[in-house]
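Dear colleague,

I am handing over a structure for you to look at, and below it I have written out what was found in it. Please keep the sequence and the model open beside this message as you read.

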Amino acid sequence: MAISKKIRELVWQKFECHCSYCGDEIQYKAMQVDHAIPQSNFLSCIKNKFKVPKWLEHLTESDVNHFDNLMPACRV
């Protein structure tokens with residue numbers, strides 16, 4: 001599922017226009033949206049409650065693209 005432009009902009013603003021990993025300021029067009037719990041093992045992590053940060057414990061199996069699981073990142 002593609003992330004809408006509106007959600008993408010909110011994700012960018014979520015960290016005040018900074019990369020959630022390195023903290024550098026990033027331009028909107030240079031940002032990529034990343035997942036706190038990666039898409040590749042999201043279902044397994046949620047089902048088994050394995051390495052799920054406390055702040056994401058509310059997510060369900062269908063919440064891979066939930067706003068709380070999305071973070072802005074540099075395109076490195």
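A search of the whole structure finds 0 disulfides, and please bear in mind throughout that this is a predicted model. In general, a disulfide is a covalent bond between the sulfur atoms of two cysteines. Cys22 takes part in no such bond, and the nearest cysteine sulfur to its own belongs to Cys74, at 3.6 Å. Seen from the other partner, the sulfur of Cys74 has its closest cysteine sulfur in Cys22, and the 3.6 Å between them is too far for a bond, because a disulfide is counted for sulfur atoms within 2.5 Å. As for their surroundings, Cys22 is partly exposed, with a relative accessible area of 45%, whereas Cys74, at 17%, counts as buried, since buried means under 20%.

Next comes helix α1, which spans residues 5–14 and whose buried residues are Arg8, Val11 and Trp12. These residues cover an arc of only 100° around the axis, and therefore they lie on the same side of α1. It helps to recall that an α-helix has 3.6 residues a turn, so residues three or four places apart point the same way. What covers the buried residues of α1 includes the strands β1 (32–35) and β2, the latter being residues 70–73.

The backbone also deserves a careful look, because most residues other than glycine have a negative phi. Glu16, which follows α1, has a positive phi, near 55°. Cys17, although it is not a glycine, has a positive phi of about 65°, and Cys17 belongs to the loop between α1 and β1. Lys51 is not a glycine either, yet its phi is positive, at about 55°.

Where, then, does Lys51 lie? Lys51 is in the loop between α2 and β2, and with a relative accessibility of 69% it counts as exposed, because exposed means over 50%. Ser62 is found in the loop between α2 (42–48) and β2 as well, and Ser62 likewise counts as exposed, at 64% relative accessibility. If you would like to relate Ser62 to a position elsewhere in the chain, you could look at Ser4, which is 58 residues apart from Ser62 in sequence and 17 Å apart from it in space, C-alpha to C-alpha.

With best wishes

How values were computed: Residues are numbered from 1 along each chain as its sequence is written. This is a predicted model: local features need pLDDT of at least 70, side-chain atom pairs count only at pLDDT 80 or more; totals for chains, interfaces and linings use all residues. Side-chain values use heavy atoms; hydrogens and water are left out. Helices (H or I, at least four residues) and strands (E, at least two) are DSSP runs, numbered from the N terminus. Buried means under 20% relative accessible area, exposed over 50%, partly exposed in between (1.4 Å probe, protein chains only). The arc is that of the directions from the helix axis to the C-beta atoms. Contact means heavy atoms within 4.5 Å.
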